[in-house]
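Me: I should like to understand how descriptive terms are justified. May I ask about them one by one?

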Amino acid sequence: MARASLPKDRQLHDATRLVHEAEARSGYGEMSEAMFLTSGFAYETMEAAEARFDGRDPGFIYSRFSNPTVSTFEKRMIALEGAEAGRATASGMAAVTAAMLCQVKTGDHVVAAKALFGSCRYVVEDLLPRFGVPSTLVDGGDLDQWRAAVRPNTKAFFIETPTNPTLEVYDIEAIAKIAHEAGALLVVDNVFATPILQKPLKLGADVVVYSATKHIDGQGRTLGGMVLGSEKFVMDHLHTFLRQTGPSLSPFNAWTLAKGLETLALRVERMQASAAAIADYLAAHPKITTLSYCGRPDHPQAALVKKQMSGGGTLVAFRVDGGKQEAFRLGNALEVVKISNNLGDAKSILTHPATTTHQRLSPADREAVGIVDATLRLSVGLEHVDDLIEDLDTALKAV
Ligand SMILES: Cc1ncc(COP(=O)(O)O)c(C=O)c1O
């Protein structure tokens, strides 16, 4: 049987780990990871089944609990994040919901930044309070507001940084410190930064969540999610919650995501280089009134970006001169860039947050987090950057 382990005495780079971590070959010695598309596992004897269930034999029991292919994806993510433990979920929202619900009970309190992806905001603003867990929403960049929001029963803080879609950046280290002084855990949605460009656990966060649907798949094929943290968090809170409620990742999707991880570093690097060039082009265009890109020196938190991210990322947010009509005109005139609400895809995507991802917020709530009718979000893909700039340039003539 072929060897399937990495050298233990060497510090390997992310790019190497992403290709080889958790290789587990079957008796056939296959090069590409096998896919174990099975819901259950057979036992040789009744006694063997009993031993599996009472924990004497650590093998697989049922794919709602764990599965060899899902486990490969989880191990690759754990190594990339530098986490002690982690569990995969069926989608990013399953990861966010589980990370929050698994650790609170009636009477607890949660604080979150108000600039959140619409569904994440639903979880903290609407869902948790329905079960007796009130939440306070704060301006994530104002540390005094975090301090003031803390109550004796505060159990968790929740942020995404950079934020969706306006790319504000919050100080993970400082917010983690306030959370810990309050006896609470900090949960970070790291989707926009990707695990390549930002490592929240190293900055003091306790739990990191991903929509693996985005850059981790990177080709718009599957939904998936991941929650990562300490062994204690996973075993005390997450493990049983996921096992008993069942938002499990399918082995097929886990296989797709594990293969996606093999090219993640390369894709993020290329998309980021293109995003930086496009941001510079758009910033100089007379029909673009404001632009936010984490890698530009004019980003309002440029120093913080330098401190906690290793690059500017793959997303650009901007406002066209005008309102909804002009934003729609630009979108409708694009030919290479597609109109969609996903991000992190090989295909570049333009999104109008006010009418899609953040439609459920009132106009006032949207404005409070910087989303107006002229706001557009561009997720830069893997097309040649010159073709993307030409597409934008042609479309902007229609505005
Ligand atoms: C920041 C952020 N968090 C969470 C999610 C939810 O992920 P999913 O669609 O995989 O459930 C998304 C996107 O949909 C997102 O952009």
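**The ligand and the cysteines**

Reply: The ligand takes up the space of the second largest pocket. The model is predicted, so local features need pLDDT of at least 70 and side-chain atom pairs count only at pLDDT 80 or more, while totals for chains, interfaces and linings use all residues. Residues are numbered from 1 along each chain as its sequence is written, and side-chain values use heavy atoms, with hydrogens and water left out.

Me: Which residues come nearest to the ligand?
Reply: M93, D189, S211, T213 and K214 do, of the 15 residues around the ligand. A residue is near a molecule if one of its heavy atoms lies within 4 Å of it.

Me: What makes the approach of K214 to an oxygen atom of the ligand a polar contact?
Reply: A polar contact is a pair of N or O atoms within 3.5 Å. A polar side-chain atom of K214 lies 2.8 Å from the ligand oxygen, so the pair qualifies. An N or O atom in the side chain of S211 is also 2.8 Å from an oxygen atom of the ligand.

Me: How do you know that C102 is in no disulfide?
Reply: A disulfide requires two cysteine sulfur atoms within 2.5 Å. For C102 the nearest cysteine sulfur, that of C120, is 15 Å away, so the definition is not met. The search of the whole structure finds 0 disulfides.

Me: Why is C120 called buried?
Reply: Buried means under 20% relative accessible area (1.4 Å probe, protein chains only). C120 has 1%, and therefore counts as buried. C102, with 11%, is buried too.

How values were computed: Buried means under 20% relative accessible area, exposed over 50%, partly exposed in between (1.4 Å probe, protein chains only). A polar contact is a pair of N or O atoms within 3.5 Å; within protein, one must be able to donate a hydrogen and the other to accept it, and residues adjacent in sequence count only if both atoms are side-chain atoms. On a 1 Å grid over the protein atoms alone, a cavity is a set of points where a 1.4 Å probe fits but cannot get out, and a pocket is an open set with protein on both sides within 12 Å along at least five of seven lines; lining residues have an atom within 4 Å of a point. A molecule sits in a cavity or pocket if more than half of its atoms lie within 2 Å of its grid points.
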